[in-house]
Amino acid sequence: MLIQKSGISGDATNLSNDKTKIKYDELSYLVSRQCLQQEEFNQLSQYDRVKASPLDTLKDAIRSCNPFAALLKFIPILQWLPKYNFKTDLMGDITAGITVAVLQIPQGMAYVLLAGVPANVGLYMAFFQCLVYTVFGTSRHISMGTFAVVSLMTSKVVVTYATLPSLTIVNSTYSVPPEPLDDPQYTPIQVATAVTFVCGIYHLLMSALRLGTLSSLLSEPLVSSFTTAAAVQVIISQMKDLVGVSIPRYRGAFKTIYSLRDLIEQVPNSNLTAVYTSVIVISFMIFMNEYLKPRSCCRFPIPAELIVVVGGTLASYFIGLGPNFNLTLVGTIPVGLPAPEMPPISLFKLVAVDAIAIAIVSYSIVMSMALVFAQKDGYEIRPNQELVAMGATNIVTSFFSCIPTACSLSRSLIQYQSGGKTQITATFSSVLILVVLLWIGPYFEYLPRCVLASIIFVALKEMLWQVQHIKKFYREGSLELLIWMVTFLTVVLVDVDIGLLTGVIISLVALYIRGWKSYYSLLGTVPDTAIYVDLGSHNRAAEIPHIKIFKYSGAINFASRATFKKALTKEVGIDQRLLRRTSQYNATDAGLQIIRTVIIDLSSVPHIDTAACKVFNEIKKDMASVGVSTLMACAADCVYDTLIHAESIGEGGFHIFPTIHDAVLYAQGSTSTVLDV
């Protein structure tokens, strides 16, 4: 190959309909080589199509296996803990640990109430789940524990299978679900821990199957609409505590609408003390979060939630809000840690289907948050190891009365901003939570539930504001808007898991539509450049005499083969009806009197199958019947291998070139390039 290089400062070039002048001051290259076909080029580059057999792959894996390295990857704390820098990281981890623990107490107690389990479960989660994740997790900044959406999804399973003392409504008819005497009776905590255990099993299976990228199925409009709709459901479920009324639980579709209807009917019976308390707490929280915190110069963020919890508890104790004003209180909070207990095995089969959605959503939340902080601080997050961490966390903590784990956006952000450097932050946070569990927990028994409902209401404000995203998705395209609207309405009107499944299905359909919708065009060359571009977009580009260059973008397979053939015949100018009667027409009838060669540019075709090769063969024969040759160019290695493999089934014999220019030169220099039919 001969390469000549020279420095050129060219004169200004006038573009059509443009007075702008561009000076070419860069080096220009003149490449001189022979015209190559793809097979000749592969010989020159020593292309190897031989793939390793499964046995060879297994042997290589065994040779490269290092048990000690595998152990370090499986338990990441063994890697980073020996390298821990006490001088630079310890104070930041202590500060962040104490700060996060202060937030864990009110948020944990508030969010677990959404799942239908006692408030002390939130403290158990803040202790056990943080410790287990510290051992197996790879993120240094996320705060594991309760999350509103996961708690809401768990609530659906708890309501379905737990034996609840309160009245349950099926559809719109008041009734107590008939329970045969011989059926087992399950408590809410037993159902919740069974869901936790099964979610852990799913996470470990996903890790074994290398499904760490599964969260990518949750597109941005899907996540936005799902979390917004879940926030609507959570707020509606908490309105009864905000206004101090009692409404029955519903099962099945439209339960949110029925609950909202009953809530409106019960508004005249509201407990005014609960209403006043809720208004005071919400106003205080908004003032602290929106006005005081942004102006605070203190390194420690102002613990507004903890102030509300402590203040509400003291007021309730001294004023007697429970007995004197009929407010519903949090109730008994046991002292100490729960005894380990295996979740009922008989429940695993019942909750298996519901746990799938919870496992996927919780993992997606954890991964999305972990990647955000990892990008900020420049460290690596291993998706499959995160599945191991969540699996281990859920399985271990299911023995200690915990619901499925996730991470909180607000707590994780506070942990990062308050100086947290490593997972040791969770250890200090857990120590403070342990103090609460052993000695301070019973003092929160007098806390009114309307205070916790107010904390949830304010915390979900950001999620509710995501409804503004609908404008952005409207500008992005109709498919994004459709995904947002359908997912939102399905979650709100039907149910959380059904809405999520619907959103995933629509996202996959939208993905398929985008992949199936192809782009095609005719190419021409810009004079004196040998660069081939779309004739419709580049005004100076011109067709090469007697040659049509057709470019197709997208996979060509059994589903798109008809679309491809129709597009090619349309762009090249062939009448398909005439091609079906090859014995009855000539070149003039087909409009091909000046065309001698058709070149198919495969540079934007990522995949083809046998059906595509058959279509190529049909096109080649049809073209050859009227004296037009068919050439192919720019095939990716996988596409080229498929074309060569097609020869073994009689669908090959194609002329393939490494570049479009090689194919053009071959067509111009060949006296007859029509292939034998």
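## A tour of two cavities and three helix packings

About 110 Å³ of space lies in the largest cavity, and that is a good place to begin. Keep in mind as you click around that this is a predicted model. The structure holds two cavities of 30 Å³ or more, and we will visit both before turning to the helices.

**Stop 1: the largest cavity.** Select I142, S143, M144, Q415 and A426: of the 15 residues that line this cavity, these lie nearest its centre. Next, colour α5 (86-114), α6 and α17 (424-440), since each of these helices supplies at least two residues of the lining. What is the mix of residue classes around the space? The lining of the largest cavity has eight polar residues, six nonpolar ones and one charged residue.

**Stop 2: the second largest cavity.** Now select M153, K156, V157, D354, A357, I358 and D497, the residues that line the second largest cavity. Two elements give two or more residues to this lining, namely α7 (148-161) and α14 (348-377). The volume here is about 40 Å³. By class, the second lining has four nonpolar and three charged residues, with no polar ones.

**Stop 3: α7 against α8.** Stay with α7 and bring up α8 as well. The two helices pack at an angle of about 130°, with their axes 9 Å apart. That angle makes α7 oblique to α8. The crossing of this pair is right-handed. To see the contact, show T154, V157, V158 and Y161 on the α7 side, and P188, V191, A192 and V195 on the α8 side. Seven of the residues in this contact are nonpolar and one is polar, while none is charged. V157 is worth a second click: V157 lines the second largest cavity and also takes part in the contact with α8.

**Stop 4: α8 against α15.** Keep α8 (residues 188-208) on screen and add α15. Are these helices roughly parallel or roughly antiparallel to each other? Their packing angle is about 155°, with the axes 7 Å apart, and α8 and α15 are therefore roughly antiparallel. In this pair the crossing is left-handed. From α8, select T196, F197, C199, G200, I201, H203, L204, M206 and S207. Their partners in α15 are N384, L387, V388, M390, G391, A392, N394, I395 and T397. Colouring the contact by class gives 10 nonpolar and eight polar residues, and no charged ones.

**Stop 5: α6 against α15.** Hold on to α15 (residues 383-397) and bring back α6 (residues 120-136), whose axis comes within 9 Å of that of α15 and crosses it at roughly 145°. Which hand does this crossing have? The α6 and α15 crossing is right-handed. On α6, show F128, Q129, V132, Y133 and F136. On α15, the residues they meet are Q385, E386, V388, A389, A392, T393, N394, V396 and T397. The contact of α6 with α15 has eight nonpolar, five polar and one charged residues.

**Last click.** Finish by selecting V388, A392, N394 and T397 in α15. These residues are among those that meet α6, and they are also among those that meet α8. From there you can follow α6 back to the largest cavity, where α6 supplies at least two lining residues.

Notes
Residues are numbered from 1 along each chain as its sequence is written. This is a predicted model: local features need pLDDT of at least 70, side-chain atom pairs count only at pLDDT 80 or more; totals for chains, interfaces and linings use all residues. Side-chain values use heavy atoms; hydrogens and water are left out. Axes are lines fitted to C-alpha atoms, for helices over the stretch in contact, and angles run from 0 to 180 degrees between N-to-C directions. Helices (H or I, at least four residues) and strands (E, at least two) are DSSP runs, numbered from the N terminus. A crossing is left-handed if the near helix is turned anticlockwise from the far one by less than a right angle, and right-handed if clockwise. Contact means heavy atoms within 4.5 Å. Ala, Val, Leu, Ile, Met, Phe, Trp, Tyr, Cys and Pro count as nonpolar, Asp, Glu, Lys and Arg as charged, and the others, Gly among them, as polar. On a 1 Å grid over the protein atoms alone, a cavity is a set of points where a 1.4 Å probe fits but cannot get out, and a pocket is an open set with protein on both sides within 12 Å along at least five of seven lines; lining residues have an atom within 4 Å of a point. Grid points are joined across faces, edges and corners, and a volume is the space filled by probe spheres set on the points. Angles under 35 degrees count as roughly parallel, over 145 as roughly antiparallel, 65 to 115 as roughly perpendicular and the rest as oblique.
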